[in-house]
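I opened this entry to go through the fold step by step. The notes below follow the order in which I looked things up.

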Amino acid sequence: MNTELVVAPLGATYTPRLICTTGDRLIHPADGRNDLARIVVRWARAWVPETWPARQYFAALGIGDDENPCYRDEDVVGWHLLQPRPDSLAWRVRSGEIDVTTALTAEAEAWPG
């Protein structure tokens, strides 16, 4: 049995069953052609707004905290994976520099509990 962890390809639709690491980014499915649109980035065990439109979107839904906006996996189901920023942990995984197990271990050490 192969127990190696793998990450979803770019453009995949997000579900909580996909493995995402810090630095992975999602875009709202209606905004796929607009990189200034609703985009969130993975930070520790949550998603945070990368753009002002993303923050406004969740505020309009009444989701998140104004001072520390962060969203659960369930809040971004159906969004699409974007290319992560260079040198982020997610970028290092997706470029093959490190494997996902190493990335998840690093995250567990940085954000225990």
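How many residues lie between E2 and E3 in their hairpin, and which residue in the turn has a positive phi? I found two residues between the strands, and Ala44 is the one in the turn with a positive phi, about 60°. I note for the record that this is a predicted model.

**Entry: the sheet**

I traced the strand order next. The open sheet has four strands, ordered E3-E2-E1-E4, with antiparallel pairing. I looked at the edges: strand E3 (46-49) and strand E4 (80-82) each have a single partner strand, so one side of each has no neighbour in the sheet. From one strand to the next, I get an average twist of 40°.

I then listed the pairings of E2. Strand E2 (residues 39-43) is joined to E3 by four bridges, and the two run antiparallel. In that pair, Val40 has Pro49 of E3 as its bridge partner, and Val41 has Val48. With strand E1 (residues 25-27), E2 pairs over three bridges, again in the antiparallel sense. There, Ile27 is bridged to Ile39 of E2.

Is E2 enclosed or open to the outside? Four of its five residues are buried, so E2 is largely enclosed by the rest of the structure.

**Entry: the cores**

I looked up the nonpolar cores. The largest has 13 residues, and Leu26, Val40, Trp47 and Val76 are those with the most contacts inside it. Another core lies apart from it and has five residues, including Leu89, Val93, Val100 and Ala103. As background, nonpolar side chains in soluble globular proteins tend to be buried together.

**Entry: Phe58**

I checked Phe58, which lies in helix H1. Its relative accessibility is 0%, so Phe58 counts as buried. Which residues does Phe58 touch, not counting those up to four places away in sequence? I found Val40, Ile63, Tyr71, Asp75, Val76 and Trp79. Two names on that contact list, Val40 and Val76, also appear among the residues with the most contacts inside the largest core. I also took one distance: the C-alpha atoms of Phe58 and Ile98 are 33 Å apart, with these positions 40 residues apart along the chain.

**Entry: Thr51**

I moved to the loop between E3 and helix H1 (52-61), where Thr51 is found. Is Thr51 buried or exposed? Its relative accessibility is 14%, and the cut-off for buried is under 20%, so Thr51 counts as buried. Leaving aside neighbours within four places in sequence, I list Ala37, Arg38 and Ile39 as its contacts. For Ala37 I can add a polar detail: its backbone oxygen lies 2.6 Å from a polar atom of the Thr51 side chain.

**Entry: helix H3**

Last, I looked at helix H3 (residues 100-110). Its buried residues are Val100, Ala103 and Glu107. Viewed down the H3 axis, these fall within an arc of 60°, so they line one face of the helix. In general, an α-helix has 3.6 residues a turn, so residues three or four places apart point the same way. I looked for what covers the buried residues of H3, and helix H2 (89-94) is included. Val100 and Ala103 are also members of the five-residue core.

At the start of H3, I noted one polar approach: a side-chain oxygen of Asp99 comes to within 3.2 Å of the backbone nitrogen of Thr101.

Conventions. Residues are numbered from 1 along each chain as its sequence is written. This is a predicted model: local features need pLDDT of at least 70, side-chain atom pairs count only at pLDDT 80 or more; totals for chains, interfaces and linings use all residues. Side-chain values use heavy atoms; hydrogens and water are left out. A nonpolar core is a set of buried Ala, Val, Leu, Ile, Met, Phe, Trp, Tyr and Cys residues joined through side-chain atoms within 4.5 Å. Buried means under 20% relative accessible area, exposed over 50%, partly exposed in between (1.4 Å probe, protein chains only). Two strands pair if DSSP finds at least two bridges between them. Axes are lines fitted to C-alpha atoms, for helices over the stretch in contact, and angles run from 0 to 180 degrees between N-to-C directions. The arc is that of the directions from the helix axis to the C-beta atoms. Contact means heavy atoms within 4.5 Å. A polar contact is a pair of N or O atoms within 3.5 Å; within protein, one must be able to donate a hydrogen and the other to accept it, and residues adjacent in sequence count only if both atoms are side-chain atoms.
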